[in-house]
Amino acid sequence: MDLSYQKTKELLESHGIRPTSQRLEMAHLLLEKHQHLFAEEVFHLVNTHFPHASRATIFNNLKLFAEKGLLGTLELKSGVTHFDSNTDVHHHALNENSGEIVDIELNQTLEEKVLSELKESYFQKTGKQLENAKLVITLRGK
């Protein structure tokens, strides 16, 4: 995702976020490529380019970016949130050995069929509706 700083500034503004210098730098680093980082990784990434940014500022901006839809969130393990720079509709594959998370897409017809069957199965087993379902495929072995 080849972003200029001007494009990053426009993206922040379009999400209702005031583009301070720290937010601009942070958003630019996070959105320059698709990645799945947890808060501490973001802190280290930003501090390599903006060494005076405080942990609280970075964590507060992460929360703001997620609330405004600039970043997605992904919780793969209880209590561990990854911030996803790809906000397009997609699913994830998790390599359990390496911890790598890869974005995966399904063609629309297949995605609708799979999600429909998952929602129906979930309803039959729990009596509850499944909303906003996303697939996470866990890869094990070599």
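Visitor: How many bridges join strand E2 to E3?

Guide: Welcome, and please keep in mind that this is a predicted model. Strand E2 covers residues 72-77, and E2 and E3 run antiparallel. One pair in this ladder is lysine 77 with its partner in E3, valine 80. The number of bridges joining E2 to E3 is five.

Visitor: Which residue in E3 does histidine 36 stand opposite?

Guide: Strand E1 (residues 36-38) and strand E3 (residues 80-84) run antiparallel. Three bridges join E1 to E3. Opposite histidine 36 in E3 stands aspartate 84.

Visitor: What pattern does the protein follow along the sequence?

Guide: The secondary structure comes to five helices and six strands. Writing α for a helix and β for a strand, the pattern read along the sequence is α-α-β-α-α-β-β-β-β-α-β.

Visitor: Which strands stand at the edges of the open sheet, and why is one side of each left without a neighbour?

Guide: Three strands form this open sheet, in the order E5-E4-E6, and their pairing is mixed. The twist averages 25° from one strand to the next. Each edge strand has a single partner strand, so one side of each is left without a neighbour in the sheet. Those edge strands are E5 (101-104) and E6 (136-139).

Visitor: What is the bridge partner of histidine 92 in E5?

Guide: Strand E4 takes in residues 91-95. E4 and E5 pair in the antiparallel sense over four bridges. In E5, the partner of histidine 92 is aspartate 103.

Visitor: Is glutamate 111 buried or exposed?

Guide: Glutamate 111 lies in helix H5, which covers residues 108-126. The UniProt record, an unreviewed entry, places the feature "binding site" at Glu111. The relative accessible area of glutamate 111 is 16%. The cut-off for a buried residue is under 20%, so glutamate 111 counts as buried.

Visitor: With which side chain does the side chain of glutamate 111 make a polar contact?

Guide: Leaving aside neighbours within four places in sequence, glutamate 111 is in contact with Val89, His91 and Leu106. The polar contact of the glutamate 111 side chain, at 3.0 Å, is with the side chain of histidine 91.

Visitor: At roughly what angle do the axes of helix H1 and helix H2 cross?

Guide: Helix H1 spans residues 5-14 and helix H2 spans residues 21-31, and their axes come within 9 Å. Residues that meet between these helices include Tyr5 and Leu12 in H1, and Leu24 and His28 in H2. The axes cross at roughly 105°. That makes H1, relative to H2, roughly perpendicular.

Visitor: Is proline 51 buried or exposed?

Guide: Proline 51 lies in the loop between helix H3 (39-49) and helix H4 (55-67). Its C-alpha atom is separated by 24 Å from that of leucine 11, 40 residues apart along the chain. The relative accessibility of proline 51 is 55%. Exposed means over 50%, so proline 51 counts as exposed.

Visitor: What share of the 142 residues do buried residues make up?

Guide: To take in the whole protein, its C-alpha trace spans about 50 × 35 × 30 Å along the principal axes. Among contacts between residues at least 6 apart in sequence, 47% join residues at least 24 apart. Of the 142 residues in the protein, the share made up by buried residues is 33%.

Methods
Residues numbered from 1 in each chain as written. Predicted model: local features only at pLDDT ≥ 70, side-chain atom pairs only at ≥ 80, totals over all residues. Heavy atoms only, no water. UniProt positions renumbered as here; feature names shortened; annotations may be inferred. Helix = DSSP H or I, 4+ residues; strand = E, 2+ residues; numbered from the N terminus. Buried < 20%, exposed > 50% of the residue type's maximum accessible area, 1.4 Å probe, protein only. Contact = heavy atoms within 4.5 Å. Polar contact = N/O pair within 3.5 Å; in protein donor to acceptor, adjacent residues only side chain to side chain. Pairing = 2+ DSSP bridges. Axes fitted to C-alpha atoms, helices over the stretch in contact; angles between N-to-C directions. Parallel < 35°, antiparallel > 145°, perpendicular 65-115°, else oblique.
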